[in-house]
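Here is a short report for a reader meeting this structure for the first time. Keep the sequence and the 3D view at hand while reading.

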Amino acid sequence: MVPRIEHLVVSEDGNVLDYISKALRLPSKYVADLIQFGAIHYALVCPKPPPTATPEQVKIYREVTEASVLQRRSSLKGKTVREAQKTYRIADANAFVEAGTYLRVHVHPKRFPRCYEIDWKSRIIAVTDSYVVLNKPAATSVGGSSDNIEETCATFVSRVLGLDTPLKTTHQIDNCTEGCLVLAKTKEFCSVFHGMIREKQVKKLYLALTAEPVPTGIISHYMRPVNLAPRLVSREFIEGWHLCQLEVLECKEVPWPNTDVVKTHKIEDCEWPSKKTAYECKINLLTGKTHQVRAQLAAIGAPIIGDLMYMPAALAANSNPLINPFDKQRKECSSDGDKLAAAVEWISCHGKEPNSAIGLQASQISWNDGNCSYEAGPPWWIVKKQI
């Protein structure tokens with residue numbers, strides 16, 4: 001379903017559910033579900049529209065943010081305009097909204113149907129007084145997004161354990177990745193764990209199933225500091241880009257997943273030319289950047305199996321070794337315009353984010369000098385033998 005986001009400015013005081021239902025001609029039950037999903041946000045004052053806003057939206061913004069209009073609103077007393085423009089989630093379908101309130105409605109939130117298929121209790125590795133360790137299934141979200149905080153690992157595990165206070169996320173794993181995930185029971189542990197990550201006291205080992213062999217040792221890249229996928233990496237230093245490092249401890253040849261395994265786990269066929277041999281790599285993650293393992297392995301020509309975003313780029317680089325403007329072997333650009341065009345072309349070589357599993361597992365996590373250590377068990381591509 002195509003994402004749809006509606007921006008509204010409330011024209012008259014009233015109930016938020018009734019107002020949205022009437023303004024967008026949506027059933028009340030559907031709007032109530034959106035509120036439960038955390039897909040509706042509000043601000044007391046309309047934020048400044050983006051450059052893509054329509055003339056009508058700009059006109060409304062100017063009308064509702066005029067100084068004379070804001071001065072008449074008692075709810076804004078003691079607040080700066082910037083403070084009043086901060087957005088929050090609507091958590092109650094019976095909430096009251098006053099005229100002038102801004103609403104952002106994610107009408108079609110991203111869904112995670114896999115959540116309803118999983119035996120969550122069987123995925124729990126450990127439960128302590130302060131945290132839970134989960135073997136996160138692929139095709140699930142850790143803690144949610146701006147449009148869906150309902151269909152998440154944190155929500156479903158909290159329910160299965162009958163917890164009064166929902167579990168809190170301590171670190172992230174991509175939706176398409178499975179493996180060890182630590183969820184905090186308390187704010188105190190959440191803060192402590194974040195501190196340990198910052199101080200590099202948390203060790204994370206991954207298993208990656210790649211289409212080509214990977215040399216052992218440390219692999220270094222620099223990642224573009226832009227919070228958008230695909231994540232671009234360069235082998236050479238670029239001012240302002242973030243250092244990414246991983247250590248390949250072991251790489252062994254294994255069979256490419258058979259048809260039944262691929263079908264069971266809905267692995268994307270990314271059209272890699274040879275599907276006879278794959279390579280299982282044991283990786284020590286030295287830095288923890290979003291998509292780091294995926295982007296780095298694809299950049300050296302060994303993309304992860306099923307990775308619909310990064311494998312197409314690796315295929316493009318195989319066909320045209322000069323197409324990646326951030327590789328050592330690249331086409332020289334004489335102007336900033338040429339460099340930008342080359343980057344845009346390289347980005348277009350990437351695919352979309354996978355909706356199912358890829359060949360990547362957070363296989364082990366440990367801290368406190370290894371005194372706290374947990375393993376996820378066999379990854380999806382290792383088929384259990386029938387006895």
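## Helix α1 and its surroundings

In helix α1, residues 16-24, the buried residues are Val 16, Leu 17, Tyr 19, Ile 20, Ser 21 and Leu 24. The model shown is predicted. The buried residues of α1 pack against strands and a helix. The strands are β1 (5-9), β2 (14-15), β3 (40-43), β5 (96-97) and β6 (102-106). The helix is α2 (28-37).

Both ends of α1 deserve a look. Asn 15 caps the N-terminal end of α1. A side-chain oxygen of Asn 15 lies 2.9 Å from the backbone nitrogen of Leu 17. Just after α1 comes Arg 25, with a positive phi of about 55 degrees.

## Unusual backbone spots

Where is a cis peptide bond found? A cis peptide bond links Ala 229 to Pro 230, with omega about 0 degrees. Pro 230 sits in the loop between β12 (217-223) and β13 (233-234).

Lys 200 is not a glycine, yet its phi is positive, near 60 degrees. Lys 200 belongs to the loop between α8 (187-198) and β11. Is Lys 200 buried or exposed? Its relative accessible area is 61%, so Lys 200 is exposed, the cut-off being over 50%. Asp 369 is another residue other than glycine with a positive phi, here about 55 degrees. Asp 369 is placed in the loop between β16 and β17 (372-375). With a relative accessibility of 80%, Asp 369 counts as exposed.

## Ser 366 in strand β16

Strand β16 contains Ser 366. Why does Ser 366 count as buried? Its relative accessibility is 10%, and buried means under 20%, so Ser 366 counts as buried.

Which residues does Ser 366 touch, leaving aside those up to four places away in sequence? They are Gln 201, Val 202, Lys 203, Cys 372 and Ser 373. Of these, Lys 203 falls in β11 (203-210). Cys 372 and Ser 373 fall in β17 (372-375).

## The cavity

Now to the empty space. Rolling a probe the size of a water molecule over the atoms shows where such space is left. The structure holds 1 cavity of 30 Å³ or more. The largest cavity has a volume of about 40 Å³.

Which residues line the largest cavity? The lining is made of His 171, Cys 180, Lys 204, Tyr 206, Ala 362, Gln 364 and Ile 365. Two elements, β11 (203-210) and β16 (360-367), give two or more residues each to this lining. Strand β16 supplies the largest share, 3 residues. By type, the lining of the largest cavity has 4 nonpolar residues, 2 polar and 1 charged.

## The second largest pocket

The second largest pocket has a volume of about 800 Å³. Its lining counts 33 residues. The closest to the centre of this pocket are Arg 114, Ala 138, Thr 264, His 265 and Ala 357.

Which helix gives the largest share of the lining of the second largest pocket? Helix α9, residues 259-264, does so with 3 residues. What is the make-up of the lining by type? The residues lining the second largest pocket divide into 15 nonpolar, 9 polar and 9 charged.

How values were computed: Residues are numbered from 1 along each chain as its sequence is written. This is a predicted model: local features need pLDDT of at least 70, side-chain atom pairs count only at pLDDT 80 or more; totals for chains, interfaces and linings use all residues. Side-chain values use heavy atoms; hydrogens and water are left out. On a 1 Å grid over the protein atoms alone, a cavity is a set of points where a 1.4 Å probe fits but cannot get out, and a pocket is an open set with protein on both sides within 12 Å along at least five of seven lines; lining residues have an atom within 4 Å of a point. Grid points are joined across faces, edges and corners, and a volume is the space filled by probe spheres set on the points. Helices (H or I, at least four residues) and strands (E, at least two) are DSSP runs, numbered from the N terminus. Ala, Val, Leu, Ile, Met, Phe, Trp, Tyr, Cys and Pro count as nonpolar, Asp, Glu, Lys and Arg as charged, and the others, Gly among them, as polar. Buried means under 20% relative accessible area, exposed over 50%, partly exposed in between (1.4 Å probe, protein chains only). Contact means heavy atoms within 4.5 Å. A polar contact is a pair of N or O atoms within 3.5 Å; within protein, one must be able to donate a hydrogen and the other to accept it, and residues adjacent in sequence count only if both atoms are side-chain atoms.
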